[in-house]
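User: I'm new to reading protein models and I'd like to know where the labels come from. Can we go through some of them together?

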Amino acid sequence: MNGFFTMVKTNLKLLLRNKGYLCLVIVLPILSAGLLSLQLDDTVTMKDDTSYVVQNIDNRDKNITSIENTKLLVKIYDNSNTELSDDLAQELAGTGIFRIFRYNQEVVDLATARAASIDSAGKSNIGAVVYIPENFESDILSGGTGNLSIMEITDDGRNDLLASTINTYVSFMMQAANSTNYDKPALKTMLGELKESRLSKQIKPVEVGNSLTLTSQQNHQSTRIGYSIAALTMGFLFCGVFISDIIVREKNNKVYNRIFLSRVSILNYILAKMAMIVLTVVIQTGILAVVTPMLVSTDFGIPFGSYLFLVFGLGLCISTLSVVIGTLVSNTMNATYAVFAIWIVSNIMAGLYFPITSAAQWWVKTSLLIPQRWVIVASEMLMTGETGVYAMYGLIVGCYLLILMAGTTIGVMVGKKDY
């Protein structure tokens with residue numbers, strides 16, 4: 001370890017005197033923590049099919065789309081907004097056949113609802129609209145039928161099933177109301193007992209190929225993690241440029257001669273640079289660990305400690321990659337251009353900005369060569385309770401570092417031959 005600590009100490013002083021380095025080390029983790037607090041709209045466009053819940057919408061004119069066609073999309077105008085109307089909506093969602101979008105912000109008359117349904121026919125994927133009038137609950141409790149209206153938007157055979165399901169459940173409500181002598185508390189108790197007596201649905205994540213099926217909430221938590229990782233990746237890459245700049249300057253200023261004439265081995269030299277990478281990543285991860293609980297809730301789908309573990313592993317891979325690029329290019333400006341391009345392309349390819357589960361297979365497979373993608377994969381596996389995540393991620397990080405350290409060694413040895 002001859003000269004190792006001396007080189008580490010000298011390099012650390014050079015980095016800490018660099019304002020650009022300090023800015024990246026401090027600001028990017030704070031920005032990343034802020035991105036974890038993003039509140040994403042989880043009520044309109046969905047890519048999962050596992051929720052079995054009613055999704056409320058706050059804009060009755062919002063066009064509703066879905067990239068999958070596994071369920072019939074049904075929009076409900078719930079003007080009653082009562083326990084019985086909510087019970088009907090939950091019943092439809094619980095069947096697993098329909099995806100329910102409910103608007104109950106204000107009363108909408110039937111003519112307006114019908115006109116809006118006709119207008120959205122070619123703009124959304126809604127298959128049917130259910131109109132629940134204001135007097136739905138009072139009508140049921142007075143011996144009526146509820147006066148529901150069903151409007152078919154698309155020619156889909158499941159619309160008949162929707163009508164049948166609604167008629168069956170409303171008929172049950174009417175019979176239950178009659179048997180309880182139209183007593184609302186007693187009717188509520190009977191409907192509650194019916195739910196408890198049924199077999200409960202347990203939603204299990206199903207792995208298909210390289211993708212996991214997530215709930216709506218888990219999808220948005222994964223997206224938030226992706227945004228934060230995108231910001232951290234920039235910090236890791238450009239901090240690596242500052243470290244590689246030291247190597248380039250040592251090469252250009254003939255420092256190589258003095259270092260290697262002092263009997264410092266190439267191994268010690270490489271380890272000293274790796275120590276700078278580790279220290280940098282430790283500082284950035286530490287700042288993230290301190291700042292995140294101050295700014296946002298740490299409940300974003302996976303344990304906070306696991307998130308920090310994933311970030312630390314990513315930081316080691318990305319910073320080392322940046323050092324390798326800077327060492328091989330031997331020009332700080334060109335290295336900056338290169339890592340900026342890598343930052344943009346790799347984030348897109350890894351699916352940090354948008355899901356790539358529906359992308360072409362070549363894209364999905366190529367993304368597995370990118371470290372950021374493994375952070376998302378590991379996060380989603382943790383969300384769905386998969387086992388062996390830490391061992392898998394540790395092995396991936398180890399492989400990346402082994403390859404990248406070999407690249408750094410080659411770059412240093414090439415530079416040494418010139419002197």
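**How the labels are earned**

Analyst: Sure, let's start with a pair of helices: α11 passes α14 in a right-handed crossing. Keep in mind that this is a predicted model.

User: What makes α11 roughly antiparallel to α14?

Analyst: The axes of α11 (residues 304–329) and α14 (residues 371–383) cross at roughly 165° and come within 10 Å. Angles over 145 degrees count as roughly antiparallel, so α11 gets that label with respect to α14.

User: How do you know that α11 and α14 meet, and which residues do it?

Analyst: Contact means heavy atoms within 4.5 Å. From α11, Ser306, Leu310, Leu314, Cys317 and Ile318 meet α14 residues Pro371, Gln372, Val375, Ala378, Ser379 and Leu382.

User: Why are α3 and α6 called oblique?

Analyst: The axes of α3 (residues 83–94) and α6 (residues 158–179) come within 11 Å and cross at roughly 140°. Roughly antiparallel needs an angle over 145 degrees, and roughly perpendicular covers 65 to 115. The angle for α3 and α6 fits neither, so oblique is the word for this pair. Their crossing is right-handed, and the residues that meet include Leu84 and Leu88 in α3 and Leu162 and Tyr169 in α6.

User: Which residues make the contact between α11 and α12?

Analyst: The axes of α11 and α12 (residues 332–350) come within 9 Å and cross at roughly 145°, in a right-handed crossing. Ser322, Ile325, Gly326 and Val329 of α11 touch Asn334, Ala335, Ala338, Val339 and Ile342 of α12.

User: What makes Lys184 and Glu137 a salt bridge?

Analyst: Side chains of opposite charge can pair when their charged atoms come close. The closest N and O atoms of Lys184 and Glu137 are 2.9 Å apart, and the cut-off is within 4 Å, so the pair counts as a salt bridge. This pair links distant parts of the chain, with Lys184 in α7 (residues 184–197) and Glu137 in α5 (residues 136–141), 47 residues apart. The structure holds five salt bridges.

User: Why is there talk of a nonpolar patch, and which residues make it?

Analyst: Nonpolar side chains are joined within 5 Å if their residues have over 30% relative accessible area and no salt bridge. Here Leu16, Leu22, Ile26, Val27, Ile30, Val290, Met294 and Leu295 make a patch of about 700 Å². The elements giving two or more residues are α2 (19–35) and α10 (266–295). α2 gives the most, with four residues, while Leu295 is found in α10.

Methods:
Residues numbered from 1 in each chain as written. Predicted model: local features only at pLDDT ≥ 70, side-chain atom pairs only at ≥ 80, totals over all residues. Heavy atoms only, no water. Patch = residues over 30% accessible without salt bridge, like charges linked within 9 Å, V, L, I, M, F, W, Y side chains within 5 Å. Areas by Shrake-Rupley, 256 points an atom, 1.4 Å probe, with all protein chains shown as cover. Salt bridge = Lys/Arg side-chain N within 4 Å of Asp/Glu carboxyl O. Axes fitted to C-alpha atoms, helices over the stretch in contact; angles between N-to-C directions. Parallel < 35°, antiparallel > 145°, perpendicular 65-115°, else oblique. Left-handed = near helix turned anticlockwise from the far one by under 90°.
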